Amino acid sequence: MTIKQTIGIKKIASLSLLLLFFLLSSSAIAKEWTIGVLALRGDASTQRHWQPLIDTLDQQIPTDSFLLLPLNLSEMKQAVADKRVDFLLTNPAQFVQLDSAYPLRWLLSLRSGYEPDNTTRNVIGSLILVRKDSAITSIHELVGKRVGAIAPDAFGGYLLGYKALREEGIDPEQDFTLRFSGFPADALLYLLRDGDINAAIIPVCLLENMDNEGLINKEDYRPLLNYSTNTSCLTSTPLYPNWSFAALDTVPDTLVDKVTRTLLNDESDAMKWGAPASHSQVENLLREVNQHPRQRQLWQDAKIWAIQHRVIIGLSLGAIILLVFNQIWISYLVRRRSHQLEQAHIHLREQKEALEQAQRLNILGEMASGFAHELNQPLSAIKSYAQGSAIRLEKENKNHPLLPAL
């Protein structure tokens, strides 16, 4: 081996070591980014469904690493608040609710996985169904029955079904015995199959997905409401835009650009992404069911009105206070005068009773005087006759036997 060959081998080895060091250094400093995903069907199913997305991002953006984090509705809100996630994958309703409270950047919208060209935007809806052998044949026969749903704020799992039922003249909160099973949504079909509930409000395509996976037989169930759409899945409601992919404001713009370009240019059949779809339809529905985060409540309207008319309200309150005080003062005077009159009445009654007593005593005195007069006259006459008789008898006979008696 010549000296030149030896030097060439050393250079190649040095370059190889340098390249290896560079690759190791790049991988060592690669930052990990967390993608929070709404776990509609549980953690394991969510990991399987969205793993192709993670693989695509890891392959196309080797300088960074991506981690999938399945979350339920409440966990998603808390994770965004605590900034434990960098990207979000969720339904448009939750995106609207989160976007009103936290700085989010809406990047992409998912296309339908059920259509041949994967171009359908609106695929989120609700299906209201019962068991095939159920005696219930119409929505109105559900009154008083047990009806299951995912959660009160689940977009495709309850809110869309709630709106459809209200349009049929039914108030689910009053007319049904609601049972919210939470995530995973699969539990609703098992509860319905086992007879624990009489009907279920489930997301569109859940029935078909579980049937394809061999978990249930979709022929064992039938819808109570049918709504005609272009999708191959059964639905009881109009369909709304598909899931949204968003980034928090803490993610660098360069990475956001890379992620967006990567997903838009992805040619795999796993999932198709497109430009962000309009959320106006979703926001209108949230307002109709009083779930929109920017929707003012009655107390908020009252507060704003009070601020705008605070002068008139202040004067009115002052007048009311004066009227109340005046009423209290008048009531006090009336009460005091009534007490005085009552005391005067008692005093007059006592005087009247004393006068009547004096009159009775006066009458008794007059009667006693009359009795004495009537008695004194005959007694005086008897005394005069007795004394005259005694004098006469004594003159005749001092020892007369009648003298002692007289």
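The legends below describe close-up views of a predicted model. Local features rest on pLDDT of at least 70 and side-chain atom pairs on pLDDT 80 or more, while totals for chains, interfaces and linings use all residues. Residues are numbered from 1 along each chain as its sequence is written, and side-chain values use heavy atoms, with hydrogens and water left out.

**View 1. An open sheet of 6 strands with mixed pairing.** The strands follow the order 2-1-3-12-4-13; strands (E, at least two residues) and helices (H or I, at least four residues) are DSSP runs numbered from the N terminus, and two strands pair if DSSP finds at least two bridges between them. Strand 2 (64–71) and strand 13 (273–274) are the edge strands, and each has a single partner strand, so one side of each lacks a neighbour in the sheet.

**View 2. The pairing of strand 3 with strand 12.** Strand 3 (residues 87–90) and strand 12 (residues 244–248) run antiparallel and are joined by 4 bridges. Leu89 has Phe245 of strand 12 as its bridge partner.

**View 3. Helices on the sheet.** Helix 3 (residues 73–82) packs on the sheet, with contacts (heavy atoms within 4.5 Å) to strand 1 (31–38), strand 2, strand 3, strand 4 (104–110) and strand 12. Its direction makes about 140 degrees with that of strand 2; axes are lines fitted to C-alpha atoms, for helices over the stretch in contact, and angles run from 0 to 180 degrees between N-to-C directions. Helix 9 (residues 253–264) lies across strands 1, 2, 3, 4, 12 and 13, and runs at about 10 degrees to strand 4.

**View 4. The largest cavity and its lining.** A cavity is a set of points on a 1 Å grid over the protein atoms alone where a 1.4 Å probe fits but cannot get out, and lining residues have an atom within 4 Å of a point. The count is 1 cavity of 30 Å³ or more, and the largest cavity has a volume of about 40 Å³, the space filled by probe spheres set on the points. Leu73, Lys77, Asn91, Ala93, Gln94, Gln97, Asp153 and Phe155 form the lining. Helix 3 and helix 4 (92–99) are the elements that each give two or more residues, and helix 4 gives the most, with 3 residues.

**View 5. The surroundings of Pro184.** Pro184 is placed in the loop between strand 8 (177–180) and helix 7 (186–193). Its relative accessibility is 32%, so Pro184 counts as partly exposed (between buried, under 20%, and exposed, over 50%, with a 1.4 Å probe and protein chains only). Leaving aside residues up to four places away in sequence, Pro184 touches Leu40, Arg41 and Gly42. The C-alpha atoms of Pro184 and Asp43 are separated by 8.3 Å, although these residues are 141 residues apart along the chain.

How values were computed
1 Å grid on protein atoms, 1.4 Å probe; cavity = no way out; pocket = protein on both sides within 12 Å on 5 of 7 lines; lining within 4 Å.
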